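User: I am new to this structure. Please take a close look at one part of it, the place where helices and loops pack together, and then walk me outward from there.

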Amino acid sequence: MTDYGHPLRFGTFVTPLADDPDATVSRAVLAEDLGLDLVTFQDHPYQPRFLDTWTLLTYVASATERIHVAPNVVNVPMRPPAVLARAAASLDVLSDGRVDLALGAGAFWDAMESMGVPRLSAGESVDALAEAVDVIRAIWGEDVARAVPAGPRGGVLLPGDHHRLEGAEPGPATTRRIPVWLGALGPRMLRLTGAVADGWLPSFGRVGIDGLRAGNAAIDAAAAAAGRDAREITRVLNVSGVFSTGEATPRGMGAPDLVGPPEAWVERLVPLVVEEGVSTLVLASDDEATTRRFAEEVVPAVRSAVQRVRSTTGTDTSRVVPAAVRAARRPGIAYGAVPASLAERAVEPGDAQHAAVRSTYLRGGSPGLVLRPRDTSEVVAALAFAREQEVTRRIPLSVRSGGHGISGRSTNDGGIVVDLGALDSIEVLDERTRLVRLGPAARWGEVATALAPRGWAISSGDFGGVGVGGLATAGGIGFLGRAHGLTIDHVRAVEMVLADGSVVRASDTENPDLFWGVRGAGANLGVVTSFELLADEVGAVGFAQMVHDASDTAGFLARWGATVEASPRDTTSFLIMGRPRPGQPVVAQTMTMVDSDDPDTVIERLQPFAAIAPLLQQAQAQILPYDAVVQAPPRGPHGGSGEPVARSGLLEHLTPVASARLAGLVTSGDTYFFQIRSTGGAASDVPADATAYAHRSVNFAVSAMGASRARLDARWDALAEIFQGSYLSFETDPRPERVEDAFPPATLDRLRALKRRVDPGNLFRDNFSVLGPDPVDVVPAR
């Protein structure tokens, strides 16, 4: 007898009756309203009075918000595993991770044989189910022992006598590992459950207490033989019951597992948890009154009683890490020491979610551990753990907000990533002053959409998928920049966690030195958990995209630069050029925003840009809301691979000499993406020493990306004399002198003094540390 220490869950087992489908769905919705964790439906597709179970699960998932859905159990012989895997993954994505998959070898063979499904022997049904599990997990992108190297067309190759894959592609990607439970009773089925499954799902009426104990023992033995911890397998149990005042079964009822008042149910259920290892109890009932009483009177009492027993016995209730996940752990990280508040959401290399969190927008990574805090207190815990790993084991640390930075420093190989993705709130603090609070993982497109109904906007970059945190601590050169300044110029206060775990607020009056530094060098100083910014009044804007013949590349750059500087500050323009193609003109695309909704003003501002060089297609000019320009794409995992190669430089003017030198870079073919963003205007109104971003006199930010670091670095290094600094968000060169490019001497001296005070151990060193990359070189200030 044992308690596996799993979290308690309670659910319902509803008959998928088609006679009154609204009533069937309402029973599932009621389960959620009552606070239950799970709603399940049997899967008998051949029953004419039943709704199709998978269709019903999908509908119920869309009608609910929190409760998990599961078949109880899937009839695998009638559900092709590859199709079932994609259906389950799709529903899991659509429901935000609320699918549990329970499989069965099939029943009612006479009915299935009449439809052409061959009868299998007991041994064959076990083999078929084992193959089905492999197929499902392979489609989910999990490693499967039977998989063989991909053929010439790629995809997953999985041989089998009953189920096989011949070049199938995994997907869609989920953000969690969907658990696979088996509803199986025979000895071989129980051994299969212990060897490969995530859970066992019998019905108490079929197994009884002796069968439950024997089944657990067989599963535990099989798990041990497979090198697994028995705690990896959740024990789920279907129970039936009738509330009555006496011990007699009410007339007309069968033989329910539970009979009597709620106290009798509790007395029967608690031992099933603390002595027989069951942690998920599923009530089979279509009676809403019974379901309500179960949820309101039985469930809380069982939870309380189990908690009392576990506190007395010292039951291990820690997170269970599957053997396959443990085998994929990276050396050096003390996985067992991850704080309990973070462990359940932590992602390791062996987890199915790892593929969704390993990379950034442009950079591929393979972190050894991704911690996903949900609030400031959990950020403190995450940094405490990361600090201990860095001090004792030299494990690198990366911090991620949106994961969109071109520098790509929000992932790593074998280190720890603190992913702030859950801190994505957008809140208006003061309507009168337009003060808003943003979480670091809110995306600028979402911010623009939230502020648009009020006629507000905050100048951000040029893409709505960028996270707030990276931009609002580095600078923020965007489409409204000349009209309203940099993003950091709108920050009025931050809450941040420092390297020692202290939570501080920084503003002009609170920790002013820290507030100075976080606006331009925030990645060096701590983790910002919230920003307070002042929004501007911004109505509809003019926005034009033009495609020019820039064959006279040097002349084009000089004329465009002069046009920008001659424009009123309500006009901001960006320029993009690619690698020249043989026999075709050099092409330049400009994107220009005018902070005005007056058509005459917009046309007046745009005409000089249209006259810079011949247009290769008709200019597209619109007056539209700002949020329509910087829309956020759908949320989803980043798929970056390899190491991005990008360089950055700042210019006060696009002089003929500078334009000619930059034209040489473009026509060399060593950059496939070349961009110049105009800045200046309102950004230049701020004194150079007011923020750690000190390049207030520049009018242009130049960046280039290439396929070869050696070739692009050689080209860029030859241009060093024309630049007046660099913008680190667009820089990937790891050489330490890049920090000196980004910060003028006086600014760098001040930053280093601040860094030694708030981060003497150089914990935050991965993203262009002002103290250098190696903590052993750091001498704390005395």
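Analyst: What follows starts at one helix pair and its neighbouring loop, then moves on to other places in the chain.

The model is predicted. Begin with helix α6, residues 187-196, and helix α7, residues 204-225. Two packed helices are described by the angle between their axes and the distance between the axes. Here the axes come within 7 Å and cross at roughly 50°. That angle makes α6 oblique to α7. The crossing of α6 past α7 is right-handed.

Which residues of α6 and α7 meet? From α6 come L190, R191, T193, G194 and A195. From α7 come G215, A218, I219, A222 and A223. Sorted by class, the contact of α6 with α7 has six nonpolar residues, three polar and one charged.

Now step into the loop between β9 (199-200) and α7, where L201 lies. Is L201 buried or exposed? Its relative accessible area is 5%, so L201 is buried, the cut-off being under 20%. Leaving out residues up to four places away in sequence, L201 touches N72, V73, A102, W181, L182, G183, A184, V236, L237 and N238. Q675 is another matter. It stands 474 residues from L201 along the chain, and the C-alpha atoms of L201 and Q675 are separated by 58 Å.

Two of the residues touched by L201 are N72 and V73. Look at the bond that joins them. The peptide bond from N72 to V73 is cis, with omega near 5°. V73 sits in the loop between β3 (68-71) and β4 (74-75). Most residues other than glycine have a negative phi, and most peptide bonds are trans. A further cis bond runs from G171 to P172, with omega near -5°. P172 belongs to the loop between β7 (165-168) and β8 (180-182).

Phi has its own cases. R434 is not a glycine, yet its phi is positive, at about 65°. R434 is placed in the loop between β17 (426-430) and β18 (435-438). With 22% relative accessibility, R434 counts as partly exposed. N762 also has a positive phi, near 60°, in a residue other than glycine. N762 is in the segment after α24 (745-758). Its relative accessible area is 0%, so N762 is buried.

Back to buried residues in helices. T53 is found in helix α2, residues 53-63. Relative accessibility of 3% makes T53 count as buried. Which residues does T53 touch, not counting those up to four places away in sequence? They are P16, F41, Q42, D43, H44, P71 and R79.

Aromatic rings come next. A pair of aromatic rings is described by the distance of the centres and the angle of the planes. A search of the whole structure finds 10 aromatic pairs. One pair is F243 with W265. Their ring centres are 3.9 Å apart and their planes are at 5°, so the pair is stacked. This pair links distant parts of the chain, 22 residues apart. F243 is in strand β11, residues 241-243, and W265 is in helix α8, residues 262-274. Both F243 and W265 are buried. F243 and W265 also belong to a cluster: ring pairs link them with F10 and F294.

Finish with a second helix pair. Helix α18 covers residues 553-566, and helix α21 covers residues 656-668. Their axes lie 8 Å apart, and the packing angle is about 130°. That makes α18 oblique to α21. The crossing of α18 past α21 is right-handed. On the α18 side, the contact uses T553, A554, L557 and A558. On the α21 side are S659, A660, L662, A663, V666 and T667. By class, this contact of α18 with α21 has seven nonpolar and three polar residues, and no charged ones.

To recap the two helix pairs: α6 and α7 cross at roughly 50°, and α18 and α21 pack at about 130°. The contact of α6 with α7 includes one charged residue, whereas that of α18 with α21 has none.

Notes. Residues are numbered from 1 along each chain as its sequence is written. This is a predicted model: local features need pLDDT of at least 70, side-chain atom pairs count only at pLDDT 80 or more; totals for chains, interfaces and linings use all residues. Side-chain values use heavy atoms; hydrogens and water are left out. Axes are lines fitted to C-alpha atoms, for helices over the stretch in contact, and angles run from 0 to 180 degrees between N-to-C directions. Helices (H or I, at least four residues) and strands (E, at least two) are DSSP runs, numbered from the N terminus. Angles under 35 degrees count as roughly parallel, over 145 as roughly antiparallel, 65 to 115 as roughly perpendicular and the rest as oblique. A crossing is left-handed if the near helix is turned anticlockwise from the far one by less than a right angle, and right-handed if clockwise. Contact means heavy atoms within 4.5 Å. Ala, Val, Leu, Ile, Met, Phe, Trp, Tyr, Cys and Pro count as nonpolar, Asp, Glu, Lys and Arg as charged, and the others, Gly among them, as polar. Rings of Phe, Tyr and Trp (its six-membered ring) pair if their centres lie within 6.5 Å; planes under 30 degrees apart count as stacked, over 60 as edge-to-face and the rest as tilted. Buried means under 20% relative accessible area, exposed over 50%, partly exposed in between (1.4 Å probe, protein chains only).
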